[in-house]
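User: Please take a close look at the salt bridges of this model, and explain where the partners lie and how exposed they are. I would also like to know how the ones between chains fit into their surroundings.

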Amino acid sequence: MSLYLQPRQAGTTGPTPYELKLAGAIEEVFGTGVHHLEGLVKGLNDLGICSPTGEPWTPDTFTDEMRRMAA
Amino acid sequence: MVNRLNKTALTSDEIFATGMRNQWHAVCPSDFVARGDMKKVRRLGEDWLLFRQSDGSLRMLADRCPHRGAPLSQGQHLGDRVACKYHGVQVDVGGTVVSVPGMPGCNLEGKRLVTSLPVREVAGAVLAWFGTDPDAEPGPLDLPERLVDDGISRFLCYAEWKAPWRFTLENLLDPMHGAFLHRESHSMFGGETSAKFRIRETDRGFFFEKTDQRGVNFDWVEFCRTGVDWVDLEIPYPPTAGPGGSFGIVGMGTPIDAETTAVFFWRYRRVEGWERDVWRFLYRTKLEERHWAVLEQDRVMLEAMAADADQAENLYQHDLGVIRLRRLYRSQAAAQAEALAGA
Ligand code: FES
Ligand SMILES: [Fe+2]
């Protein structure tokens, strides 16, 4: 009997380079103690991490993107 | 352990080794069995067939053909029945023989000869009632609120460990190991490495908790018996995990057999709106991998422990939770064996 040891269960595919980069930047901003939406969006923009359209994030575009990626 | 047919002969030691009867146990993640599919699992030392019909409903049958005992799991899914591969006998989802193709009119037809367990699907997992009397109604199932509360976001992590089920539960009733075994982890590096503990009774079980530290490491655990046995605990995240505070775990451990355990960890966080979405995104991209690394520390330790590790211990105050759990299961196993012997 082979035992089930599957590290990745929350998504069928691994994260894309874009997702990893964005996630890393989010962690970096959170790590400074900034935990509110406006501060997070500003922090991402300050780091030069743009939205997929190349535009700076706004609270709306960021929350839309997160809603899509949280599923 | 061999497939067992007659449960009435179970001894106290056998029950202690393969799990408590007359309660619900988590079986596997729901997505292990697709629509129109079936899957074999071993739980509590016996083999079972999970069978999902095309309407999505799930059934669980003993994996043993009533004719000559071949595994039904090797047979064919016929929508609302399974046909045994050996001689074609057909058993419906309730366990009744509906056709003996080689011998039409055979007196097996119409008889309910295969055990069928009541199942429920909860928070992405299959739960089943393992009763000693196949004809008795299942007992009530009171679900952990963490698994049903809409204000809580959760992911199920499932794994199978080559360790006795009691070791996996005792590990959860042992919060102090967080500060040592998991010191090199993303979430359990903080807090004192010495502590005092106490047991606090609740109407569904008990808390085992540090008296002098809370919210720094793995500092408390609640053990609950609500038709299914589960633990609840909380562990702080570092600031990089964003708003929402600690993450929690609802844990269950179901014996596969005496040596192997199916472990279920629902990692949850009280987050809504964009905070929920960001947590879920971070979980998928970053956190899941780190949580897994912590779980592997537990697995490696428990799998390396001798099967009789608990026969030569020198326990101290931190082990009160473990002692309490072990006594509870020991006496329940004895009571169940006695009831079975008298039945
Ligand atoms: S053993 Fe299943 S049909 Fe004979
Ligand atoms: Fe652990």
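Analyst: A convenient place to begin is Asp80(B), which is partly exposed at a relative accessible area of 39%; like every value below, this one is computed from a predicted model. The partner of Asp80(B) is Arg81(B), and the closest N and O atoms of this salt bridge are 2.9 Å apart. Arg81(B) also counts as partly exposed, because its relative accessibility is 26% and that class covers values from 20% to 50%. In general, side chains of opposite charge can pair when their charged atoms come close. Over all chains, the count by this rule comes to 28 salt bridges.

A second pair within chain B is formed by Glu313(B) and Arg326(B), with 2.7 Å between the closest N and O atoms. This pair joins distant parts of the chain: Glu313(B) belongs to the loop between α4 and α5 (320-342), Arg326(B) belongs to helix α5, and 13 residues separate them. The two partners fall into separate classes of exposure: Glu313(B) is partly exposed, with a relative accessible area of 32%, whereas Arg326(B) is buried, with 15%. Elsewhere, Lys40(B), Arg42(B), Asp47(B) and Asp63(B) are joined into one network by salt bridges that share partners.

The next pairs concern the boundary between the chains. Here 34 residues of chain B are in contact with 32 residues of chain A. The area buried between the two chains is about 2800 Å², and carbon and sulfur atoms give 65% of it. On the side of chain B, the residues that lose the most area to chain A are Trp274(B), Phe281(B) and Arg284(B), which together account for 25% of what that side buries.

Across this interface the rule finds two salt bridges. In one of them, the side chains of Arg290(B) and Glu27(A) meet at 2.8 Å, N to O. This pair runs from helix α4 of chain B to helix α1 of chain A. Arg290(B) is partly exposed, with a relative accessible area of 27%, while Glu27(A) counts as buried because its relative accessibility is 9%. The other cross-chain pair brings the side chains of Arg284(B) and Glu19(A) together at 3.9 Å, N to O.

The interface also holds nine residue pairs in polar contact. β12 (153-161), β17 (247-257) and α4 of chain B each supply at least two residues of the side that touches chain A. The largest share of that side, 17 residues, comes from α4(B).

On the opposite side, Ala23(A) gives a closer view of helix α1 (residues 17-31) of chain A, where it is found. Ala23(A) touches Phe281(B), Leu282(B), Thr285(B) and Lys286(B). At 0% relative accessibility, Ala23(A) counts as buried.

Helix α4 of chain B has a further part to play in this account, at the iron ion (ligand 2). The protein donors of this ion are His177(B) and His182(B), each through NE2, and Asp298(B), through two OD atoms, lying 2.0 to 2.4 Å from the metal. His177(B) sits in the loop between α2 (165-172) and α3 (178-181), whereas Asp298(B), 121 residues apart from His177(B), is in helix α4 (residues 273-304). Both His177(B) and Asp298(B) are buried. The four donor atoms subtend angles of 57 to 146° at the iron ion, so the arrangement is irregular; a tetrahedral one would need all angles between 85 and 135 degrees.

Notes
Residues are numbered from 1 along each chain as its sequence is written. Chains are lettered from A and ligands numbered from 1 in the order in which they are written. This is a predicted model: local features need pLDDT of at least 70, side-chain atom pairs count only at pLDDT 80 or more; totals for chains, interfaces and linings use all residues. Side-chain values use heavy atoms; hydrogens and water are left out. Donors are N, O and S atoms within 2.8 Å of the metal (3.2 Å for Na, K and Ca); water is not among the atoms, so sites may look incomplete. Four donors count as tetrahedral if all angles lie between 85 and 135 degrees; four count as square planar and six as octahedral if opposite donors are over 155 degrees apart and all others between 65 and 115; anything else is irregular. Helices (H or I, at least four residues) and strands (E, at least two) are DSSP runs, numbered from the N terminus. Buried means under 20% relative accessible area, exposed over 50%, partly exposed in between (1.4 Å probe, protein chains only). Contact means heavy atoms within 4.5 Å. Buried area is the accessible area (1.4 Å probe) that two parts lose on being put together, summed over both. A salt bridge is a side-chain nitrogen of Lys or Arg within 4 Å of a carboxyl oxygen of Asp or Glu. A polar contact is a pair of N or O atoms within 3.5 Å; within protein, one must be able to donate a hydrogen and the other to accept it, and residues adjacent in sequence count only if both atoms are side-chain atoms. Lists of a residue's contacts leave out its neighbours within four places in sequence.
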